[in-house]
Amino acid sequence: MAADTRLQNLRNIGIIAHIDAGKTTTTERILYFAGKLYKIGTVDEGTAVMDWMPQEQERGITITSAATTCFWKDKNINIIDTPGHVDFTVEVERSLKVLDGAVIVLCAVGGVQPQSETVWRQADKYRVPRIAFINKMDRTGADFFRVVDQMRERLMTNPVPIQMPIGAEGDFVGMVDLITMKAIIYKGDEGKSGFDITDIPDDLKKKASHYRHNLIEKLGESDDTVMDKYLHEQGIYPNELKEAVRRATISGKMIPVLCGASAKNKGVQPVLDAIVDFLPCPLDIPPIKGINPDTDQEEVRQTSVDDSLCGLVFKIVSDPFVGRLAYARIYSGVLKSSEHIFNSKKGKEERIGKILKMHANKQEIAEKAEAGDIVALVGLKETSTGETICREDHPIMIESIHFPEPVISMAIEPKTKADQEKLGMALNRLCDEDPTFRVRYDKETGQTIISGMGELHLEIIIDRMFREFSVAASVDKPQVAYKETITKHSKAVGKFIQQSGGRGQYGHVVFDVSPGAKGTGVVFESKIIGGAIPREFISSVKEGVIEAAQSGCLAGYPVDDVDVKLIDGSFHEVDSSDLAFHMAAIMGFNEGMKNGRAVLLEPIMNLEVVTPDNYMGEVVGDLSSRRVKIEGIDDRGNLKVIRGLAPLSEMFGYATNVRSLTQGRASYTMEPSFYQEVPKNLSEKIIETSGRSKLRK
């Protein structure tokens, strides 16, 4: 029973938003009002507790998700503050995978912005219940109800205000609680002196009554108890409304919407109340499912300390004091320090050194972690992001986390011989931490190529190499991470035959190569029946295909969305070997690409430019010259919001350009959307520049 009470009093939540909507500021205020901090830090001054990395403090942005814990009304709240910049979207993805609920912060002026939509889709994917907090109500141009309408239109959701602002911009003083029908009025401009709960001002009573009626009506659509009382015109007590809002939020049928101004300390305590009242505890969400690797059967682990251990490692961090930290969500069972656990993906046993509860980059040692907890583990040397920890006698494998592909690359070289070794170690550590950061060695040019999600992502990686690992390196200009694919079905033969006196080499494969579904990568399947190729060589054929796909036949870029079926071949009793079939597969794959009319693909970005009305003509003209396809132009007060699809290759240096066009008054955001074929004239130039086409060889 005590374990159930502990779980009922636990909230694992994330703060998600578009960049600069006020996530970290809101988290700082939550920690302050929950008694975790005695002094409020600010993002602008670089003193925010959750932005502890030097790069975060200098740039005033969140780069890595930070975990902390606090208490409010006897409830234990584990909070993960996530980045808003699209280059660090992986931090949001892996946090949402392990969280039970989320608070999405929206700017009362900017409204639903591109990254708001991205994090919303990520939360939808993992079915995370959420509440919305419309922040910055004190800013010029703030409009609460416009943002609610945008949520309905752009996020395709059901936002229902449970608060209504009292005033806006410089006149924002508090909010009406539509559940209790009381006004919360903050004292003083900064709101630090607390607030008074009073009757609703006379001029707002009619409007408040309308929105409370709307709240009850919306709840009635999904809640029979509320509908029954509503139809029979019976009174609904605030505690009954709260319970109905909680049920509707957890089931995903509505999004309660609150308002405030975090920087002015207004509206934060009601957000804490809403987290406790409306977001789920670990018992409110379905138990975790996974596959037993021994039987391939689905298994369920109950959210209980009595079930067998099951946890997911969702983040790896290099800590300067304790070394490698593995953040894990424990779904079931109990984990104690110094005991052994089993990594079900790698089939390896590991020993837990210490269990830590985190507060940003500060740590508190714990003896154990139980179902529902989010902790950091010391001592896991082999376990990586997305892998399951469990007991060897009760193995389970939870579905891993899907990470987006990098869209930008650059070559990196150590400045001295001494830096060579340090560079290799630094790159390994950074790859371990960040699944969207990739490193490969280009055999033809002899260069080390690093790839990431954007210019800022790679800039931060290089800065970290210098500061944390003392590596001096020179880098080339960023390059677009193009891909290659085929446009038609083809058949291909790969033969590797060598005779050199003694034992020779013989491998012969026949492939059926065809365009694959978008986002599937290279899919290999063996259709061999009757032993045309012995089973022990099939894995070598697959390895050959995967190796060949790493550098395509046009310009040496990785191959994507291609299905390869091994349909026939032959072998030699004496001369056939793993090497021979590996080489035959590489030759066959290249032949298949050549016959399948290979094309180059380029990353296309979702672009949003916000510009004053009088500069719109120049901005649109410039975008058209960059091959941007304009999707729509909206009004936002006296600003124009231009939405479009932009080829990444045309957008390097756009920040400087758009500033000079608009005297520094426009801003833009961009995020990866999809890959599409490069126009033929540009494709030829790229291939010519690379000088590495296998089609010409």
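The questions below ask how terms apply to parts of this structure. This is a predicted model, in which local features need pLDDT of at least 70 and side-chain atom pairs count only at pLDDT 80 or more, while totals for chains, interfaces and linings use all residues. Residues are numbered from 1 along each chain as its sequence is written, and side-chain values use heavy atoms, with hydrogens and water left out.

Q: Why is Thr485 called buried?
A: Buried means under 20% relative accessible area, exposed over 50% and partly exposed in between (1.4 Å probe, protein chains only); Thr485 has a relative accessible area of 9%, and is therefore buried.

Q: What makes the pair of Thr485 and Asp561 a polar contact?
A: A polar contact is a pair of N or O atoms within 3.5 Å, where within protein one must be able to donate a hydrogen and the other to accept it, and residues adjacent in sequence count only if both atoms are side-chain atoms. The backbone oxygen of Asp561 lies 3.3 Å from a polar atom of the Thr485 side chain.

Q: Which residues does Thr485 touch, leaving aside those up to four places away in sequence?
A: With contact taken as heavy atoms within 4.5 Å, the residues touched by Thr485 include Asp560, Asp561, Val562, Met593 and Arg597.

Q: Why is helix α2 described as largely enclosed by the rest of the structure?
A: Helix α2 covers residues 23–33, and 10 of its 11 residues are buried, so the description follows; among the buried ones are Arg29, Ile30, Leu31 and Phe33.

Terms used
Helices (H or I, at least four residues) and strands (E, at least two) are DSSP runs, numbered from the N terminus.
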